[in-house]
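I opened the model today to look up two things, charge on the surface and contacts between aromatic rings. My notes follow in the order in which I went through them.

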Amino acid sequence: DSFGPCLFRRFDEEELETLKAKNDALKAENEQMKVTTEETNEANEKLLSENQSLEQKIENAKRLVTTDVTATPMRKKCGGKGFKETKQSKKLETVKIEARILQNDVVDPGTKTVYARITGPNNRVLCNGTAEEFSFDIDGSPLQYTAKQDIEFDGSARKVVINWSRNDNVKVVKGNYRVTLYADGQEIGKT
C-alpha cells in the first residue's frame, strides 16, 4: 500500500458502548454548564442592577437638603440704622434669605457655596450684574443667580443666611417672587 500502515482500528461493541456513554455524560455535563452559566449571568445582571440602584440612592443622599426657607424683603429704617420688613416693591433695598440645612452624614464635608436665585412675576432673575458675572453650572449649563454664600458644612444641621442688596439699576415690580437655593449643582430648596 502506498498510504502506509492503517491508523484506524475497529472497536468492538463494548468499547463503542463505553465511548458512547462517556460522550453522553460529557454532553449532559456541557448542558449543565450552560444552565449554570446562564443562571450565573442572570444573577450577575440582577446584582449589577441592584448595585446601580444603590449607587443612585447614595448619589441622591449626597445632596444638601434645606427646610424652612424664607425670604424677607427689607428696607432701611428711618434714620438709616438697620432694616425692617417691607411689602412695597419700590422701597425694597435688601432681601434676607434664611434656610436650615438638614443633617447629612453622606455629603462630603467642606466649603459649600449656596446660591440663591430670586425670580420675579415676569420670570426674570433679580441680579446686580450680567448673567455671565452671576452664573454657576448646573447639569453642564450656566444658571444665573442673585446672591451666594460660602458655608462650612461638617454634616450637622445648620442655618444659612444669604443677604442680597439691590443696586439702584435693578427694577423690582409688584408681584410674587420665588427663591430657589442651589448647592453642588443641584436644587436644595425653595420658597
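Before looking for charge, I noted that patches are made of residues with over 30% relative accessible area and no salt bridge, like charges being joined within 9 Å. I also kept in mind that this is a predicted model.

**Charge on the surface.** With that rule I found a positive surface patch formed by Lys77, Lys84, Lys90 and Lys91. I looked up Lys77 and placed it in the loop between strand 1 (66-76) and strand 2 (83-85); its relative accessible area is 40%, so I entered Lys77 as partly exposed. A patch of negative charge is also on the surface, where Asp12, Glu13, Glu14 and Glu17 gather. Of these I checked Glu13, which lies in helix 1 (residues 13-61) and is exposed at a relative accessible area of 57%.

**Aromatic rings.** I then turned to the rings and recorded 5 aromatic pairs in the structure. For Phe134 and Tyr145 the ring centres are 5.5 Å apart and the planes stand at 65°, so I noted this pair as edge-to-face. Phe134 lies in the loop between strand 4 (110-119) and strand 5 (135-138), and Tyr145 in the loop between strand 6 (141-144) and strand 7 (147-153), so the pair ties together parts that are 11 residues apart in sequence. Phe134 counts as partly exposed at 22% relative accessibility, whereas Tyr145 is buried at 6%. Tyr145 also pairs with Phe136, with centres 6.2 Å apart and planes at 50°, so I listed that pair as tilted; Phe136 is buried, as is Tyr145. My last entry is that ring pairs link Tyr115, Phe134, Phe136, Tyr145 and Tyr182 into a cluster.

Notes:
Residues numbered from 1 in each chain as written. Predicted model: local features only at pLDDT ≥ 70, side-chain atom pairs only at ≥ 80, totals over all residues. Heavy atoms only, no water. Patch = residues over 30% accessible without salt bridge, like charges linked within 9 Å, V, L, I, M, F, W, Y side chains within 5 Å. Areas by Shrake-Rupley, 256 points an atom, 1.4 Å probe, with all protein chains shown as cover. Salt bridge = Lys/Arg side-chain N within 4 Å of Asp/Glu carboxyl O. Lys, Arg positive; Asp, Glu negative; His and termini not counted. Charge placed at Lys NZ, Arg CZ, Asp CG, Glu CD. Helix = DSSP H or I, 4+ residues; strand = E, 2+ residues; numbered from the N terminus. Buried < 20%, exposed > 50% of the residue type's maximum accessible area, 1.4 Å probe, protein only. Phe/Tyr/Trp six-rings, centres within 6.5 Å; stacked < 30°, edge-to-face > 60°.
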